Amino acid sequence: MHYQKSIKAYEKARNVIPGGVDSPVRAFKSVGGTPLFIKKGEGAYLIDVDGNRYVDYVQSWGPLIFGHANKTIEKAVIKAVKKGLSFGAPTKAETNLASLICSLFPEMDKVRFVSSGTEAVMSAIRLARGFSGKDDIIKFEGCYHGHSDSLLVQAGSGAVTFGSPSSPGVPADLTKHTLLAKYNDIKSVKKCFENSKNIACIIIEPIAGNMGFVPADPKFLEELRALCDKHGTLLIFDEVMSGFRASLKGAQGIYPTVPDLVTFGKVIGGGMPVGAFAGRAEVMDKLSPDGPVYQAGTLSGNPVAMAAGLASLEQIVDESDLYVRLEKKAKKLVEGLKEAAKEAGIPLQVGAIGSMFGFFFNDKPVKNFDDALKSDTTRFAAFHQGMLREGFYFACSQFETGFICDAMSDEMIEETIEAAQKVFKEIA
Ligand SMILES: *Cc1c(COP(=O)(O)O)cnc(C)c1O
């Protein structure tokens, strides 16, 4: 494979954009080589500027559940574009998308749209603090909730890959209200409640995707719910990644636990910049303009973004067996990878729920961030490079989740497994 054009584009970009990328996870820092510059996407495929084709297991880091350039979404977007790009005034599209979301989640009465997952989580936390009148929050090591100040503490993937779990530029005064607990470890959460009587919310990725793929134990989520109820603390599920990915109802379609607030992003924008947070009316009505908790956005609920989101979600709702189909493929892939690794004598931990999947080069099951960090990142880097050469595009870090899109065929999965058999032998 030739990467000359990508290499040139990257050199040019580095002159005018820090690190040549607009989001650090896109740099190939932990796997070596230069990031591929993309010309276009077609269904399951990504095509780079050198003309190489890859089966894409990143899918824009989650949003593209139907794959690249989905015709239905494309049509909806073009139709919306022709009417104007933004009005700064309400449109019916926002109500339509909000109604669809509320109809799927009976516990959620109201939704507010923003333009990114970061904004959704940041706003949900402000709301939880405003509603409860408390300041502290609990987050889990390895969970990522966007790059806002108080959440950039032990924040998984990008931050781990770059070895700076928290970032310069974030005052300690702002993170002193962020209490850290261990994923799947209820004792560590109880300790936080012993140390503070002022906890506004627990924020969690119920199916963690940003320390690699690590689902929560069902009992753990139930225990969080009980602790929250006992202490007058809100439970926030960050489903920016797992929402409409793990199942139609995200983690809430899989676990019985009901959160107080949910954040969305990625799939609900169908590839356009959209985030949202939702909750019951009693909480959501504390938001400005009805309530005192301020939150705003010039491009929030943008009509083109809403059209893309609506077209994406309507297709999802229409296809009753979509997630069954996607999960079958995800399981076929990870089971195939596991078997191929075993043949090569490489220990590999795998998992999949709905269209999300993950694998760790690790000889023990991964239940939390400490476990994840024991994975062999050097071997992952070699795997990544080898698979790229074979035409398979995986996320460029051990601490990311992979995504199946509906445009992927069984044949593509089989080809991926065959390529992995070859690559595992090389890196064993
Ligand atoms: C991606 C992600 C975010 C941040 O969303 P952006 O749109 O990148 O700001 C927040 N939480 C989780 C769980 C995510 O996966």
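A residue counts as near a molecule or strand if one of its heavy atoms lies within 4 Å of it. By that yardstick, the residues around the ligand are Ser116, Gly117, Thr118, Tyr144, His145, Gly146, Glu205, Asn210, Asp238, Val240, Met241 and Lys266. The model is a predicted one, with local features needing pLDDT of at least 70 and side-chain atom pairs counting only at pLDDT 80 or more, while totals for chains, interfaces and linings use all residues. Residues are numbered from 1 along each chain as its sequence is written, and side-chain values use heavy atoms, with hydrogens and water left out.

The shell around the ligand splits into three nonpolar, six polar and three charged residues. Here Ala, Val, Leu, Ile, Met, Phe, Trp, Tyr, Cys and Pro go down as nonpolar, Asp, Glu, Lys and Arg as charged, and the others, Gly among them, as polar. Polar contacts (pairs of N or O atoms within 3.5 Å) turn up on both backbone and side chains. Gly117 puts a polar backbone atom 2.8 Å from an oxygen atom of the ligand. On the side-chain front, a polar atom of Asp238 sits 2.7 Å from a ligand nitrogen, and one of Lys266 is 2.7 Å from a ligand oxygen. On its own the ligand has 380 Å² of accessible area (Shrake-Rupley method, 1.4 Å probe), and the protein covers 82% of that 380 Å².

Next come the empty spaces. On a 1 Å grid over the protein atoms alone, a cavity is a set of points where a 1.4 Å probe fits but cannot get out; a pocket is an open set with protein on both sides within 12 Å along at least five of seven lines, and lining residues have an atom within 4 Å of a point. Points are joined across faces, edges and corners, and a volume is the space filled by probe spheres set on them.

The second largest pocket comes in at about 590 Å³. Of its 29 lining residues, Glu94, Val111, Arg112, Phe113 and Gln295 are the closest to the centre. Strand β4 (110-114; strands are DSSP E runs of at least two residues, helices H or I runs of at least four, numbered from the N terminus) gives the most to this lining, with four residues. Helix α3 (92-104) supplies at least two. By type, the lining holds 13 nonpolar, 11 polar and five charged residues.

As for cavities, the whole structure has two of 30 Å³ or more, and the largest has a volume of about 90 Å³. Its lining includes Tyr57, Phe380, Phe394 and Glu400. Strand β14 (residues 356-360) provides the largest share, three residues. Six nonpolar, five polar and one charged residue make up this lining.

Methods:
Polar contact = N/O pair within 3.5 Å; in protein donor to acceptor, adjacent residues only side chain to side chain.
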